[in-house]
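I opened this notebook to keep track of what I looked up while going through the coordinates. The entries follow the order in which I went from the whole chain to single contacts.

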Amino acid sequence: MKNLAFAFALLSAAVAPSPEISTSVPPAAEAPGSQEHHAEALLIRLREQHELPALAAVVVSSDTTLDLAVTGVRRQGKLETAERDDHFHLGSMGKAITATVIARLVEEGTLSWTTRPIDVFPELAKTIHPGYRDVTLEQLLRHQGGTPAYDSTAEIMGARARGGSGSPRDQRRAFSAWLLQQRPHVTPGTRPEYSNAGYPVAAAMAEAATGEAWESLVESRLARPLGINLIHGLPARGDSPQPWGHKPKSAFFGMATYQNAVEPQAPGDGWALGVIFEPAGDYSLSLADYAKFLQLHLAGLAGRDGLLKASSIRRLHAGPGEYAMGWFLREFDGTAAHWFTGSTDTFFSRVIMLPERNIAVAAMTNAGSETASSTSREAVMELLRIYGQPATR
């Protein structure tokens, strides 16, 4: 869960010139037909070089999975290998999932992009802070809602006290009601500032409008229709045989023992976002299922209706500026790039989509280190070299 400066720095490292990679992506060396297993060989090399427990990547067009590979182990020091259907935590890349679910509710007519909190929370009519009175659902998803960043573990854990001890739905509503009575961090609509808090408020609004819990809405409006198995929280919650997250191994007053050392972290509450901030990025998916999600968006950006109308997909990905709904925007290699990264310190995920070239590449690892970030960047860039070239005819 990154603030904008850190998240933008990660993308800049991913798409700006580096000693090895220029912004004009060089042609792939592989001959046509030789790319089938490129991702697997690449990931094996990168994972071993950087000593990551597991590394996975997928490359898709709007109608085809072009490459998919998973390498390594589910847990450092154990023998269980990571499998193709294993889940990886998305972190803030899950914001696009939340925005997609809400877009379905807008298409159904349950919500509109201009719905305000006071339209669905009648108890706030007299107590909402005047600065939040006219904030809209779309502004909350675009980081224009004025809500605080909530970009540290301490802040996110502290929010639990505001949510009380009721059901997940009750906790999100209680937190949202409390937050909306505070002074906005910035005046809504005046300037965008990255905020994890806007997403639980948007989800609580959806729950209030539908009478359904957010978890049920994600399942009924996205997971089941797409045929994907989405886990709320870390992959191995509930002691399932899924990948564990890893963080840099520390010793001697918190300093890493050496650059690439990581240690497994049990998937308990200490590394879970909790139900309040789940809509801001606490989802886990397999690479094959994430591919289906990316294909939904690529097809919509190409003008094809699907689970969502193409017009809704395009709105989710539209500017102005660097912010869309669940995506950041910038230019890469002469074309528009829609991107995001995500981490809750024990996993790291990265995605870049080039709609004009009908390609999206994602890389995920079960470690949350700086090495995990740079390795995912290297994997994505190499796969873009191979699959992301402009059409020649």
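What follows are my entries on the chain, its strands, its helix pairs and one buried residue.

**Entry 1: the whole chain**

I note at the outset that this is a predicted model, and that every value below is computed from it. I counted 13 helices and 13 strands in the chain. Of the 393 residues, 56% are buried. I then looked up how far along the sequence the contacts reach, and found that, among those between residues at least 6 apart, 69% join residues at least 24 apart.

**Entry 2: strand 13 and its two partners**

I turned next to strand 13, residues 359-365, and asked how many of its residues are buried. The strand is mostly covered, with seven of its seven residues buried. In a regular strand the side chains alternate between the two faces of the sheet. I therefore sorted the residues by direction, bearing in mind that alternation between faces is the general pattern. On strand 13, I359, V361, A363 and T365 point one way, while A360, A362 and M364 point the other way, and all of these are buried.

I looked up the pairing of strand 13 with strand 12, residues 348-354, and found seven bridges with the two strands running antiparallel. Within this pairing, M353 has A360 of strand 13 as its bridge partner. Strand 12 and strand 13 form a hairpin with four residues between them, and in the turn I noted N358, which has a positive phi of about 55°.

Strand 13 also pairs with strand 1, residues 54-60, again in the antiparallel sense, over six bridges. Here I recorded that V58 has A362 of strand 13 as its bridge partner.

**Entry 3: from strand 1 to strand 2**

Following strand 1 onward, I found that it is joined to strand 2 by seven bridges, with the two running antiparallel. A hairpin of four residues links strand 1 to strand 2, and A57 stands opposite A69 in strand 2. Strand 2, residues 65-72, is mostly covered as well, with six of its eight residues buried.

**Entry 4: helix 2 against helix 13**

I then asked at what angle helix 2, residues 38-50, and helix 13, residues 370-387, pack. The angle is about 155°, and the axes are 11 Å apart. Since angles over 145 degrees count as roughly antiparallel, helix 2 is roughly antiparallel to helix 13. The crossing of helix 2 with helix 13 is right-handed.

For the contact itself I listed H38, A39, L42, L43, R45, L46 and H50 from helix 2, which meet T371, T375, E378, A379, E382, L383, I386 and Y387 from helix 13. Sorted by character, the residues of this contact come out as eight nonpolar, four polar and three charged.

**Entry 5: helix 3 against helix 11**

The second helix pair I looked up is helix 3, residues 95-108, with helix 11, residues 287-301, which pack at an angle of about 55° with their axes 12 Å apart. Helix 3 and helix 11 are therefore oblique to each other, and the crossing of helix 3 with helix 11 is left-handed. The contact is made by A96, I97 and T100 of helix 3 together with F293, L296 and H297 of helix 11. I sorted these residues too, and the contact divides into four nonpolar, two polar and no charged.

**Entry 6: the three-stranded sheet and helix 11**

I also looked up an open sheet of three strands, whose order is 3-9-4 and whose pairing is antiparallel. Its edge strands are strand 3 (87-89) and strand 4 (231-232), each of which pairs on one side only. Strand 4 is joined by two bridges to strand 9, residues 283-286, and the two run antiparallel; in that pairing, H232 has Y283 of strand 9 as its bridge partner. Helix 11 lies across strand 3 and strand 9, running at about 100° to strand 9.

**Entry 7: T98**

My last entry concerns T98, which is found in helix 3, and I asked whether T98 counts as buried or exposed. With a relative accessibility of 0%, T98 counts as buried, because the limit for that class is under 20%. Leaving aside its neighbours within four places in sequence, T98 is in contact with Y199, W214, P279 and Y283. I noted that Y283 had already come up as the bridge partner of H232.

Technical notes
Residues are numbered from 1 along each chain as its sequence is written. This is a predicted model: local features need pLDDT of at least 70, side-chain atom pairs count only at pLDDT 80 or more; totals for chains, interfaces and linings use all residues. Side-chain values use heavy atoms; hydrogens and water are left out. Buried means under 20% relative accessible area, exposed over 50%, partly exposed in between (1.4 Å probe, protein chains only). Two strands pair if DSSP finds at least two bridges between them. Axes are lines fitted to C-alpha atoms, for helices over the stretch in contact, and angles run from 0 to 180 degrees between N-to-C directions. Angles under 35 degrees count as roughly parallel, over 145 as roughly antiparallel, 65 to 115 as roughly perpendicular and the rest as oblique. A crossing is left-handed if the near helix is turned anticlockwise from the far one by less than a right angle, and right-handed if clockwise. Contact means heavy atoms within 4.5 Å. Ala, Val, Leu, Ile, Met, Phe, Trp, Tyr, Cys and Pro count as nonpolar, Asp, Glu, Lys and Arg as charged, and the others, Gly among them, as polar.
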